[in-house]
Amino acid sequence: MVLAAGCGAQTGTGSEGSGIAGQVVLTPTCPGASPCPAKPVAAVVTMEWPDGERIDTVDTDSRGRFRAELPPGDYLVSARVPAEPDLVPRSTRVTVDQGRVTRVRVVIGTRLLEP
């Protein structure tokens, strides 16, 4: 569960039933131009307001899956792997609608394509 602060936002058991659910993946997973599938990864997911103010974090499971209850609104969602500081987190914009769970794929770059 995520506790959102500011703007009167609250979460918990949530009568609204709104939030986000998804998976964190690493990509690219092999060097060169050949396509490689994204790889699920355990990570820490961060949710922020569009102005960059952090709301909270949630841990994924071992396959990168997560769920967080959030009130309706716009968010930036990113993830990091604490044991791998060289990975490049990418922010994803997400809109949560009342009474709906928005699916999201959060990508962490591996720098394998960099020179």
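Among contacts between residues at least 6 apart in sequence, what percentage join residues at least 24 apart in the protein chain? In this predicted model, the share is 59%.

**View 1. Strand content of the protein chain, a predicted model.** The protein chain has nine strands and zero helices, so that, read from the N terminus on, its elements run β-β-β-β-β-β-β-β-β. Of its 115 residues, 40% count as buried, while the protein chain exposes about 6,700 Å², of which carbon and sulfur atoms supply 50%.

**View 2. The largest nonpolar core and the strands that supply it.** This core holds 23 residues, of which Ile-20, Val-24, Phe-66, Val-77 and Ile-108 touch the most other members. At least two residues of the core come from each of β1 (19-27), β3 (44-48), β4 (54-59), β5 (65-69), β6 (73-80), β8 (92-96) and β9 (101-109).

**View 3. The surroundings of Ile-20.** When neighbours within four places in sequence are left aside, Ile-20 is in contact with Met-47, Phe-66, Arg-67, Ala-68, Leu-70, Val-77, Val-94, Val-96, Val-101, Thr-102 and Val-104. Two of these partners, Phe-66 and Val-77, are named with Ile-20 among the core residues that touch the most other members.

**View 4. The salt bridge between Arg-65 and Asp-61.** A search of the whole structure finds one salt bridge, and in the pair formed by Arg-65 and Asp-61 the closest N and O atoms are 2.8 Å apart. Arg-65 has a relative accessible area of 44% and is therefore partly exposed; Asp-61, with a relative accessible area of 28%, is likewise partly exposed. Side chains of opposite charge can pair when their charged atoms come close.

Definitions and conventions: Residues are numbered from 1 along each chain as its sequence is written. This is a predicted model: local features need pLDDT of at least 70, side-chain atom pairs count only at pLDDT 80 or more; totals for chains, interfaces and linings use all residues. Side-chain values use heavy atoms; hydrogens and water are left out. A salt bridge is a side-chain nitrogen of Lys or Arg within 4 Å of a carboxyl oxygen of Asp or Glu. Buried means under 20% relative accessible area, exposed over 50%, partly exposed in between (1.4 Å probe, protein chains only). A nonpolar core is a set of buried Ala, Val, Leu, Ile, Met, Phe, Trp, Tyr and Cys residues joined through side-chain atoms within 4.5 Å. Helices (H or I, at least four residues) and strands (E, at least two) are DSSP runs, numbered from the N terminus. Contact means heavy atoms within 4.5 Å. Accessible areas come from the Shrake-Rupley method with a 1.4 Å probe; for residues, only the protein chains shown count as cover.
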